[in-house]
Amino acid sequence: MRGVGSAVPGIGSDAAIRMYHVSKSYMAGTTALSDVSLELAKGEMVFLTGPSGAGKTTLLKLLFGAERPDEGQIVVLGRNIARLGESAIPPLRRRIGVVFQDFKLLSSRTVAENVALALHVTACSPQKARARVFAILKQLGLQHRRDHYPLALSGGEQQRVALARALVNEPEILLADEPTGNLDPDLTVDIMDLIAGTALRGTSVVVATHELELVKRYRKRTLRIEGGKLIEDVRPLGNAR
Amino acid sequence: MRNSIWLRGFYQVLYFVRSAFRGMWASRLTSGVAVLTIGVVLVLVGAFLLLVYNMEELIDEFGNELQITAYLDADVSSDAQRDLAARVAALPGVDEVNQVSPEQALERFRSSVGSGVRLLEGLDENPLPASLEISLSPEQRSAGGLAAVSVSIEGLEGIADIRSGREWVEGYLRAISLVRTIGLGLGVILALATLLIVANTIRLGIISRSDELEILSLVGASRGFIRAPFLLEGVLQGGAGGAIALAILFALFELALPGLESGLEMIVGSAPRFFSTSESIMVVGGGAALGLIGSAGALAAGFRS
Ligand SMILES: Nc1ncnc2c1ncn2[C@@H]1O[C@H](COP(=O)(O)OP(=O)(O)OP(=O)(O)O)[C@@H](O)[C@H]1O
Ligand SMILES: [Mg+2]
């Protein structure tokens with residue numbers, strides 16, 4: 001269990017995410033996460049791996065306040081989520097981009113409208129929103145799909161729309177749950193390059209995946225959880241980030 | 001910086017308006033039925049309001065005619081008459097006292113009966129008594145005021161008899177208060193009905209848009225941001241219902257007016273009136289307020305789970 005020891009108070013004050021002994025169970029008698037401690041610096045990118053049901057999605061949900069921990073402390077962008085009031089969660093979420101495993105796109109809105117949703121909640125001007133949406137869709141190769149509805153898109157295209165919505169707000173943290181699950185190998189590389197690029201520009205990134213190929217290729221820090229426990233925290237040699 | 005806060009507020013409102021209209025359009029059948037139902041309900045409330053207004057208006061119109069006529073004993077000298085008039089004028093609740101001599105009374109009678117009538121020609125002596133016409137101060141122009149002032153006049157020496165429209169006024173005021181009570185009861189029930197109609201359409205809207213609300217919440221929309229479009233929807237539905245009610249009432253009023261006008265003008269010489277501009281705004285605003293309360297209730301119930 002290398003690296004876990006660094007997650008103690010006082011160390012790494014520029015951390016974007018800190019978890020101390022966090023446990024979570026959805027029903028009595030079962031555990032989704034147990035005693036997880038970790039720390040993620042600003043601009044750091046990390047893979048979160050583990051078998052299905054290991055607790056990857058649960059960990060991400062705890063980070064943007066979709067679930068509350070049963071035990072332990074979670075500090076995200078300087079705020080203690082475990083103690084945060086209901087009204088303090090939305091402002092925090094606006095600083096975090098999330099790609100959901102099931103995309104969570106609105107089928108009644110066009111691609112552009114879906115992406116713009118993340119800007120509307122920040123009271124962005126319509127002109128600025130249009131420009132930003134256009135730019136991010138272009139970056140993700142979706143500009144020709146702007147006015148289409150999600151159900152008319154392939155799985156991979158929908159996934160990229162979800163990523164576009166997560167990134168359009170230039171978040172400080174990006175949480176991506178299986179962001180390449182539906183992409184072909186070429187597109188996977190493109191999208192992962194884009195995600196890695198946002199980390200280089202200062203966004204802290206957590207990518208949950210069970211594609212080990214991906215993890216190997218990108219040589220990033222890798223957290224492995226199994227049965228809700230953090231069993232490995234590997235930082236590649238000669239590559240701090 | 002200040003400017004940018006205003007601008008951001010403006011963009012938010014813009015989004016709320018678009019979102020509210022989008023929501024109503026998405027459930028246009030339910031919303032349309034709700035608006036029409038509210039309209040019909042408010043027509044009933046508005047009709048009672050108009051009725052009470054116009055009945056009250058009548059009292060004001062002939063408030064000046066709400067007078068007491070006090071006939072004097074025949075043996076009261078003209079000095080004493082003046083004296084009596086001054087004492088009556090000093091009574092509380094009395095606005096003005098007008099002395100009417102027997103000659104004036106006869107003259108009035110003649111002109112009201114018409115010159116062709118020879119009924120009075122054989123009379124040697126004027127049979128009509130002198131009288132005082134007493135008008136009440138504005139706050140006493142009611143059945144109660146009339147009774148109180150009558151009693152104090154009756155106690156004065158030299159007064160033979162008193163006539164006032166008291167019974168008539170009392171009956172009329174009772175009718176007004178009855179109409180007002182019925183209208184109030186009906187209004188409360190119908191206002192509750194309006195609240196429920198709006199609350200129900202908003203509740204349906206919340207259910208049918210639950211996935212949108214979930215996603216909004218996940219991308220960081222605050223409670224207020226998620227709720228504002230629904231509140232606005234309630235306001236718009238209630239306000240539209242109020243406007244429809246106003247239009248229906250106006251149409252009915254215009255249709256009924258010719259008949260009402262001739263009838264009323266004969267009795268009191270005043271035409272019935274419709275809502276003034278500010279009252280019309282209040283009818284629409286009242287509908288909007290009911291819509292707001294209804295949707296707020298739906299939101300409070302709908303987001304509890
Ligand atoms: N809403 C929920 N209610 C009850 N149990 C849940 C809920 N969400 C997750 N779980 C349980 O918690 C455990 C961890 O689930 P989680 O979704 O975090 O796994 P995962 O690592 O994301 O899996 P996958 O790779 O399949 O997405 C599982 O045993 C799952 O059954
Ligand atoms: Mg998962």
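In which sense, and over how many bridges, do S2(B) and strand S3 (residues 131-136) of chain B pair? The model examined here is predicted, with local features requiring pLDDT of at least 70 and side-chain atom pairs pLDDT 80 or more, while totals for chains, interfaces and linings use all residues. Residues are numbered from 1 along each chain as its sequence is written, chains are lettered from A and ligands numbered from 1 in the order in which they are written, and side-chain values use heavy atoms, without hydrogens and water.

S2(B) and S3(B) pair in the antiparallel sense, over 6 bridges. Strands are DSSP runs (E, at least two residues) and helices likewise (H or I, at least four), numbered from the N terminus; two strands pair if DSSP finds at least two bridges between them. Within the S2-S3 pair of chain B, B:Val97 has B:Ile134 of S3(B) as its bridge partner.

Both strands belong to an open sheet of 4 strands in chain B, with the order S2-S3-S1-S4 and antiparallel pairing. Strand S2 (94-100) and strand S4 (159-164) of chain B are the edge strands; each has a single partner strand, so one side of each lacks a neighbour in the sheet. On average, neighbouring strands of this sheet are turned by 20° against each other, direction ignored. Axes are lines fitted to C-alpha atoms, for helices over the stretch in contact, and angles run from 0 to 180 degrees between N-to-C directions.

S1(B) pairs antiparallel with S3(B) over 5 bridges, and B:Ala70 stands opposite B:Leu132 in S3(B). S1(B) and S4(B) are also paired in the antiparallel sense, over 5 bridges; here B:Arg163 in S4(B) is the bridge partner of B:Thr69.

Ligand 1 is surrounded by residues of chain A (a heavy atom within 4 Å). Among them are A:Tyr26, A:Pro51, A:Lys56, A:Gln101 and A:His210. This shell divides into 4 nonpolar, 7 polar and 1 charged residues. Ala, Val, Leu, Ile, Met, Phe, Trp, Tyr, Cys and Pro count as nonpolar, Asp, Glu, Lys and Arg as charged, and the others, Gly among them, as polar.

Oxygen atoms of ligand 1 lie 2.8 Å from a polar backbone atom of A:Gly53 and 2.9 Å from a polar backbone atom of A:Gly55. An N or O atom in the side chain of A:Thr58 is 2.6 Å from an oxygen atom of the ligand. Taken alone, ligand 1 exposes 630 Å², of which the protein buries 63% (Shrake-Rupley method, 1.4 Å probe).

How values were computed:
A polar contact is a pair of N or O atoms within 3.5 Å; within protein, one must be able to donate a hydrogen and the other to accept it, and residues adjacent in sequence count only if both atoms are side-chain atoms.
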